Amino acid sequence: MKLYHTPGACSQAPHIALNEAGLSFDRIKVDIPTRTTETGGDFTEINPKGYVPALVLDGGEVLTENVAILSWIAEQKPDLIPDGTLGRIRMIEALGFLTEEVHKPFLGFMFMPSDEVKAINRQALEERFNYLAGQIKGDYLFGDRFSAADAMLFVMVNWCFGFGIELPPALAAYHARVAARPAVQATLKAEGFA
Ligand SMILES: N[C@@H](CCC(=O)N[C@@H](CS)C(=O)NCC(=O)O)C(=O)O
């Protein structure tokens with residue numbers, strides 16, 4: 001299995017989840033601006049959409065989109081799926097929210113030159129992180145067990161530190177708890193952040 005990723009990008013979420021699941025995989029870095037892999041390959045031959053993450057399964061199938069990749073990883077290691085009859089669906093619901101309603105405004109905040117657009121996205125992000133802080137049910141999003149949705153939430157919270165988005169105290173404490181997990185430490189180290 002091969003994970004195409006960029007250090008610090010949203011591909012850090014499946015990177016964490018793969019490590020949490022204990023799956024064996026190779027990491028291949030992608031330079032986003034040039035869409036080139038670290039071995040000089042054309043990344044659009046792997047993912048024609050041109051963005052990370054992409055996960056190439058052992059059989060050669062390519063998975064893209066964090067929602068799909070994180071759901072697939074969780075299915076390989078069901079400990080990463082929240083409990084309850086709706087556990088899997090709640091995880092997908094959280095992943096949809098994180099990828100659409102948090103990740104997207106972040107891109108608008110980080111890359112849009114207009115101050116007005118930045119301010120709109122900052123406000124959306126602060127409201128959504130407040131909502132998420134109220135959703136934490138124990139140590140993690142769904143209780144005392146880490147789920148694949150926590151991998152994505154951790155990366156989004158991590159970006160808040162880097163880009164000056166104010167965090168509610170519950171999410172700052174959450175960040176410290178997740179960062180202390182061995183699989184998360186291993187991921188940060190592999191990406192050059194620890
Ligand atoms: N919908 C995709 C979005 C992925 C995405 O936006 N990845 C960023 C890095 S955080 C990227 O590679 N952007 C480069 C581009 O859009 O060309 C997902 O959720 O996986």
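This briefing introduces the nonpolar core of the structure and one of its helices, α4. The model is predicted: local features need pLDDT of at least 70, side-chain atom pairs count only at pLDDT 80 or more, and totals for chains, interfaces and linings use all residues. Residues are numbered from 1 along each chain as its sequence is written.

**The core**
- The largest nonpolar core (buried Ala, Val, Leu, Ile, Met, Phe, Trp, Tyr and Cys residues joined through C-beta atoms within 7 Å) has 48 residues, and A17, L70 and M152 have the most contacts inside it.
- The largest share of this core, 10 residues, comes from α5; helices here are DSSP runs of H or I, at least four residues, numbered from the N terminus.
- Domain 1 (2–78 + 184–190) and domain 2 (81–181) both contribute residues, so the core lies between them; the bounds come from an automatic or database domain assignment.
- Leaving aside neighbours within four places in sequence, A17 is in contact (C-beta atoms, placed from the backbone, within 7 Å) with L70, I73, L80, A148 and A151.

**Helix α4**
- N121, L125, F129 and L132 are the buried residues of α4; buried means 20 or more other C-beta atoms within 10 Å of a residue's own, exposed means 12 or fewer, and partly exposed is in between, with C-beta atoms placed from the backbone.
- Seen down the axis of α4, these buried residues fall within an arc of 75°, so they line one face of the helix; the arc is that of the directions from the helix axis to the C-beta atoms.
- They pack against α3, α5 and α6.
- The face turned away from the buried side carries the exposed residues E116, A119, Q123, E127 and G134.

Notes: Helices (H or I, at least four residues) and strands (E, at least two) are DSSP runs, numbered from the N terminus. Two residues are in contact if their C-beta atoms, placed from the backbone, lie within 7 Å.
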